[in-house]
Each structure stands twice: as structure tokens, then as C-alpha cells.
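Please look over the sequence and the model below before reading on. The paragraphs after it go from the whole chain to single elements and then to single residues.

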Amino acid sequence: MDQELYVFVTVVEKANFSNAAEALHITQPAVSRYIKNLEGKMNAKLLERSNKMVQMTKAGEIVYHHAKEILSLHGKMNVLVADLMSEPSGRLSIGASYTFGEYILPHIIASIRLEFPRIHPSIMIGNTREIVHQVATRQIDMGIIEGKMTDEHVVMERFSADSLVVVVSAGHELAQKAEVSFSDLEDETWIVREQGSGTREATEQMFTDHHITPGSVMEFGSTQIIKESVEAGLGISFLSTWTIRKELALGTLRVLDLTGFPVQRQFTLVTQDTEFRTKAMEVFLRVLKQG
């Protein structure tokens, strides 16, 4: 029946039999036979012809809707079976929020490419909200986020810890103090990420937990810009230790020693709500969870 459904969908989308026949590279009588056979099996009239155009009946609308799903599943089935019988290969689209995507993911991709050169990853960097939306709408295969979100259209799984600290420039007066209190931090300009970012969410939660009311806030859309701004003495920030390893090694940034810090959060894997995964996806997930 798959061929009959394919012909039916083509007729509907091309609006008449002759255009469908041309698109399918078959004769118009052959198109008519496929439609007649399908109507016989459905025991219902599916199309009405008028002035060389076709319109779906109510039964036709039902068949069209489900035929699209059936054909899509059939195509996905073929891809998955072919993938099962071969070595891991093909495109793999991954979304990641900034901390993981810019500082951790490149190393994971490098190790995968070394062992599986036929896997071709593409990476999209965005904030937590954007990544979840992209996975839910199937624009990307999977995502890794830092923030907390819920979405009934995706599956979320925590898989790794992250540590966040308060950082200042090496020349900042707070970097020279033996003891720093939370009240000291209120007088500083805080440089934070944009709304929708997992790091921004963590920063605001930290403010709440430690009763900090910043006197001044500057908002930037990139961790790199935030780090450079802190180095330049424009303010202080709350960042993942993953993002400041080079600056700490070079001595351009300092971590403040505060009670209750570092603050721990979880990286979360976001996947589509399906049990079927390509070999390339399975390889990535295995390497990701191995750390």
C-alpha cells in the first residue's frame, strides 16, 4: 500500500492527476489505477475531480494526514535499518549552550572524529531556551544545556556536574583581601549573561541564596566578552570553572574564596522523545557519558 499512499499524497499536493503523473514519472492512467485501488481498500471515495483539479473528501483528508505520517516513518525505518548494517556515519546535529558548547564539546567531537571519521557533526551554540526549542521542533538531533527547563516534547537527563565561582581581575582590590564577605559583592558591578542563559539563571539563583542585591549590573551575550570585561576591571562575574582555566593558568583572573563556593550545577542532555537513534547518535552519547 505504500506506493498507493505515495501516489495519493502526490496527487493531493500537485492538485491534479497529470502534474502528479509527471512528478512520479508514470502515466496518468497508472495514477488513476493507484487511486482507484486505494479507494477500494479504504472502501471510501477519497478525491473529487472538478475542472482538472482535485479536492479531498472528508475521508481523503483523514487518509492524507495519516499517509504523511506513515510515509515519514517508512523513510525513517529505511534509514535506521541501513544505518544498523553499516559503520557509524552521517550527519549529527548537536546544540549546546555556551559553556558546554564552547569549552567542552570541541574536545568530545575531536575524539569521536579520530575514531569515526565518517561521522560529520554540526554544532549550533545558543542559550538554554533556544537549544530546548530546537530539539523539541526536531531541528537538531540533541542538545546539552546548563539551565533548568521542562518541556513535555523532549527527554532530559542530567549527566555531568559543573562548578561555578565568583571571579575578579588579578588586580582587583577584592583579589588582595584575605577575607571577602557577601556584602562586599553588593558594591561591585556584576557582569552577567542574557536572559534565557543557563549561567544567567544560576547567577540569579546565587544572588537569591546568598541575599546579594547587586548595585549595578551589565548584561552581555557572550562568556568570552564577560571574561575580557572582568580582566579589564569593568566588574566581577559568576562563571563556570570550565570557562576560566586558561585565565587562571595565566594569572589574569582570580577566584574569590567564599563560604559555600564553588556552587554546583548539572549539565543536562536533551533528546527527542523517540526510542530510535542512529549509530552516530549512539556513539556521541556513549562518549559524552564516559566523560
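What follows is a walk through this predicted model, from the overall form to local details.

Residues are numbered from 1 along each chain as its sequence is written. Because the model is predicted, local features need pLDDT of at least 70 and side-chain atom pairs count only at pLDDT 80 or more, while totals for chains, interfaces and linings use all residues, and side-chain values use heavy atoms, with hydrogens and water left out.

The chain as a whole comes first. Its secondary structure comes to 13 helices and 11 strands, where helices (H or I, at least four residues) and strands (E, at least two) are DSSP runs numbered from the N terminus. The radius of gyration of the chain is 27 Å, well over the 19 Å that the globule rule gives for 291 residues, so the chain is more spread out than a compact globule; here the radius is taken over C-alpha atoms, and the rule is 2.2 Å times the number of residues to the power 0.38. Along the principal axes, the C-alpha atoms fill a box of roughly 90 × 40 × 25 Å. Of the 291 residues, 43% count as buried, a word that here stands for under 20% relative accessible area, with exposed meaning over 50% and partly exposed lying in between (1.4 Å probe, protein chains only). Among contacts with a separation of 6 or more, residues 24 or more positions apart account for 73%, a contact being heavy atoms within 4.5 Å.

Helix 1, which covers residues 2-14, is a convenient place to begin with the elements. At 1.5 Å a residue, its 13 residues should span 18 Å, and its end C-alpha atoms are 18 Å apart, which agrees; the expected span is 1.5 Å times one less than the number of residues. Its buried residues are Glu4, Leu5, Val7, Phe8, Val9, Thr10, Val11 and Val12. Asp2 also has its place in helix 1, but at 32% relative accessibility Asp2 counts as partly exposed. Leaving aside neighbours within four places in sequence, Asp2 is in contact with Ile70, Leu71 and His74. After helix 1 comes Ala15, whose phi is positive, near 75°.

Further along the chain, Glu194 sits in the loop between strand 7 and helix 10, and at 17% relative accessibility this residue counts as buried. The side chains of Glu194 and Asn127 are joined by a polar contact of 3.5 Å, that is, a pair of N or O atoms within 3.5 Å, of which, within protein, one must be able to donate a hydrogen and the other to accept it, while residues adjacent in sequence count only if both atoms are side-chain atoms. Not counting residues up to four places away in sequence, Glu194 touches Tyr98, Asn127, Arg200, Glu219, Phe220 and Gly221.

At the start of helix 10, a side-chain oxygen of Ser197 reaches to within 3.1 Å of the backbone nitrogen of Thr199. Helix 10 has 12 residues and reaches 16 Å from its first C-alpha to its last, close to the 16 Å expected, and its buried residues include Gly198, Thr199, Arg200 and Phe207. His211 follows helix 10 and lies in the loop between this helix and strand 8; at 67% relative accessibility, His211 counts as exposed.

Helix 11 (residues 223-231) offers a view of packing, with Thr223, Ile226, Lys227, Ser229 and Val230 buried. Seen down the axis of helix 11, these buried residues fall within an arc of 165°, so they line one face of the helix, the arc being that of the directions from the helix axis to the C-beta atoms. They pack against several elements, including helix 5, strand 6, strand 7 and helix 12. Ser222 caps the N-terminal end of helix 11, with a side-chain oxygen 3.2 Å from the backbone nitrogen of Gln224.

Some backbone details remain. Most residues other than glycine have a negative phi, and most peptide bonds are trans. Phi of His211 is near 55°, a positive value, and Asn43 has a positive phi near 55° as well. Asn43 lies in the loop between helix 3 and strand 1 and, at 73% relative accessibility, counts as exposed. A cis peptide bond, with omega about 0°, joins Phe261 and Pro262, and Pro262 is found in the loop between strand 10 and strand 11.
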